[in-house]
Amino acid sequence: RADGKVHQSIHFSPSKVHARGIIAITSSLIEYLLAKLLSFQGFIVIFGVGSLSNNPFKGNTPTQYPNDPNDPNKAGKVVIPQYEGYTPKINGVPVGPDGFIPTDPGEDTIVVYTADAQKAKVAYIDDKTGKTLKTDSLTGVTNAKSGYTTADSIKTYQALGYKLVSDDTKGAEIVFDNEDGKDQSYTVHFIHDTITVDPENPGKPGEPINPGKGSAVYPDG
């Protein structure tokens with residue numbers, strides 16, 4: 001090319017990773033080895049999430065180092081793709097958007113993306129009093145399932161005489177998003193349910209009105 005840079009993408013499906021980061025390639029072994037023989041440059045090999053998995057992260061495939069624009073015998077700056085909610089690391093060290101220059105152009109560089117920490121909270125609100133009954137705090141990582149649903153808490157409050165008004169989660173398991181620095185927030189709203197007390201259903205003074213533990217009791221008289 002006119003700019004003097006060598007641009008080349010190698011496509012393969014890695015099936016195994018050895019201790020030093022060399023990849024055993026299945027369908028494109030010959031293509032990869034040929035490219036290595038024709039160049040003194042290494043490759044950027046991207047994996048995710050958090051370990052050397054068999055699937056390239058976000059569809060990234062090994063890409064040859066660019067040449068230094070001022071010296072074609074040296075590797076140029078390598079810019080690592082940045083994805084919100086994930087941190088690319090080389091040997092456990094985060095790599096920022098400014099990239100890096102390979103210190104050993106003949107060796108491949110393994111980039112591993114780790115999922116960032118995420119938080120969420122679920123507040124249960126009594127709409128009659130405006131008070132928060134409780135708030136559950138959740139922690140996890142980007143795009144991971146939390147294992148949390150509102151079902152049990154809703155049943156608990158219903159057993160205490162509350163009536164469900166709305167649930168932001170719609171009863172689904174909460175999954176963490178990829179927005180670093182912004183916690184997810186959900187609310188569940190209740191109103192007070194009513195029970196009619198009359199001569200036919202007088203209730204017994206001192207007994208719980210609802211089956212839940214801590215329920216209010218029927219008054220005397």
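This is a walk through a four-stranded sheet, the helix lying across it, and a separate hairpin strand. Keep in mind that the model is predicted.

Let's start with the sheet. It's an open one with 4 strands, and if you read across it the order goes β11-β10-β13-β12, with mixed pairing. The edges belong to β11 and β12, each of which pairs on one side only. From one strand to the next, the twist averages 20°. Strands of a sheet pair through backbone hydrogen bonds, and they can do that either parallel or antiparallel. Take β10 and β13 as an example: these two run parallel and are joined by 7 bridges. To find your place there, look for Ala120, which stands opposite Gln184 in β13.

Now add the helix. α2 lies across β10, β11, β12 and β13, and runs at about 150° to β12. Which residues of α2 are buried? They are Ser153, Ile154 and Tyr157. Viewed down the axis of α2, these buried residues fall within an arc of 100°, so they line one face of the helix. What covers them includes β10 (117-126), β11 (131-141), β12 (162-167) and β13 (184-192). Flip to the other side of α2 and you'll find Asp152 and Lys155, both exposed.

One residue worth clicking on is Asp136, in strand β11. Is Asp136 buried or exposed? Its relative accessibility is 17%, and buried means under 20%, so Asp136 counts as buried. Its side chain makes a polar contact of 3.2 Å with the side chain of Lys134. Leaving out residues up to four places away in sequence, Asp136 touches Ala120, Lys121, Val122, Tyr124, Tyr148 and Ser153. Two of those names have come up already: Ser153 is one of the buried residues of α2, and Ala120 is the residue opposite Gln184.

Last stop: strand β7, residues 86-90. In a regular strand the side chains alternate between the two faces of the sheet. In β7, the covered face carries Tyr86, Pro88 and Ile90, while Thr87 and Lys89 sit on the uncovered one. With β9 (residues 109-115), β7 pairs in the antiparallel sense over 4 bridges, and the bridge partner of Lys89 in β9 is Val112. β7 is also joined to β8 (residues 93-94) by 2 bridges, again antiparallel; here Ile90 has Val93 as its bridge partner. The hairpin of β7 and β8 has 2 residues between the strands, and in this hairpin Asn91 takes a positive phi near 55°.

Technical notes
Residues are numbered from 1 along each chain as its sequence is written. This is a predicted model: local features need pLDDT of at least 70, side-chain atom pairs count only at pLDDT 80 or more; totals for chains, interfaces and linings use all residues. Side-chain values use heavy atoms; hydrogens and water are left out. Buried means under 20% relative accessible area, exposed over 50%, partly exposed in between (1.4 Å probe, protein chains only). The arc is that of the directions from the helix axis to the C-beta atoms. Contact means heavy atoms within 4.5 Å. Two strands pair if DSSP finds at least two bridges between them. Axes are lines fitted to C-alpha atoms, for helices over the stretch in contact, and angles run from 0 to 180 degrees between N-to-C directions. A polar contact is a pair of N or O atoms within 3.5 Å; within protein, one must be able to donate a hydrogen and the other to accept it, and residues adjacent in sequence count only if both atoms are side-chain atoms.
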